[in-house]
Amino acid sequence: MINKQSPLPIYFQLEEGIKKQIENGELNSGDMLPSEREYSERFSISRMTVRQAISNLVNEGYLERQRGKGTFIAQKKLEQNLKGLTSFTEDMKSRGMNPETIMIHFTKVQAIPSIAEKLELSIGAPIYEIKRIRLADGLPMAYECLYMSCDLIPALTMDIAKGSIYDYVEKKAGLEIGKGVQEIEAAIARKKEAEILEIKEGSPILCIQRKTYLRDQRVLELVYSFYRADRYRFFVEMDR
Ligand code: GLP
């Protein structure tokens, strides 16, 4: 795993070695990582070097520290295909996971200019402002702030929004979802997002803005989502 003649820094070689062991199944999620002392003795390297490799792997989401217990191999990141417009509920169910929602805010407000513009409504138009924590198998994955015209779905309630909004839109409200446009950006969790997502303030998160249109070109929703970067990986297949 370690070649001291290599120009690559030792912490980096150790990091890559541990990643390889995770990828080829020698180390599995939930397994305890050998201690700093074991690595340092096995490869005759300093504990500082081992610590640096481990810290980097914790930050990248490969490892998880559990206070008083040790360092463990983390759950594999959820891979999210960016092709196809799917809902959170569909995404989790297709992986055999159980989606849940914690509703933290559901109100009707008047659209402020920036939101009105994006929803293609007039300023002051009635809109829903819905903030939800999305969980998979009991673990918080994302925090979402959604804006939607009240005129589009007058009967939407907090209870309905606790389930799948897309499901309701298509099966109950009789609307057809057309396409979505997404922007993805990296960011650092501020206090509020960190608390909600159960991560440390300053941890990396992925911010996604999705604007979804109905088939008839009306804007269905504007959603700002914050995903845990240690639990999510987005991928897209590209044809040439
Ligand atoms: C994803 C999208 C949101 C969308 C949501 C609908 O999380 N990022 O833009 O509102 O799915 O999910 P559901 O139908 O489960 O409420």
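The following questions and answers concern the surroundings of the ligand and one loop residue in a predicted model.

In this predicted model, local features need pLDDT of at least 70 and side-chain atom pairs count only at pLDDT 80 or more, while totals for chains, interfaces and linings use all residues. Residues are numbered from 1 along each chain as its sequence is written, and side-chain values use heavy atoms, with hydrogens and water left out.

Visitor: How many residues surround the ligand?
Guide: A residue belongs to these surroundings if one of its heavy atoms lies within 4 Å of the ligand. The closest are Thr89, Arg134, Glu144, Ser164 and Glu221. By this criterion, the number of residues around the ligand is 16.

Visitor: Which strand gives the most to the shell around the ligand?
Guide: Helices (H or I, at least four residues) and strands (E, at least two) are DSSP runs, numbered from the N terminus. Helix H4 (88-94), strand E5 (126-136) and strand E9 (219-228) are among the elements that each supply at least two residues of the shell. The element that gives the most, with four residues, is E9.

Visitor: What is the distance from an oxygen atom of the ligand to an N or O atom in the side chain of Glu221?
Guide: A backbone N or O atom of Phe88 lies 3.0 Å from an oxygen atom of the ligand, and a backbone N or O atom of Tyr166 also lies 3.0 Å from a ligand oxygen. For the side chain of Glu221, the distance is 2.7 Å.

Visitor: Where does Glu198 lie?
Guide: Glu198 has a positive phi, near 60 degrees, although it is a residue other than glycine. Its place is the loop between helix H8 (191-197) and strand E8 (204-214).

Notes
A polar contact is a pair of N or O atoms within 3.5 Å; within protein, one must be able to donate a hydrogen and the other to accept it, and residues adjacent in sequence count only if both atoms are side-chain atoms.
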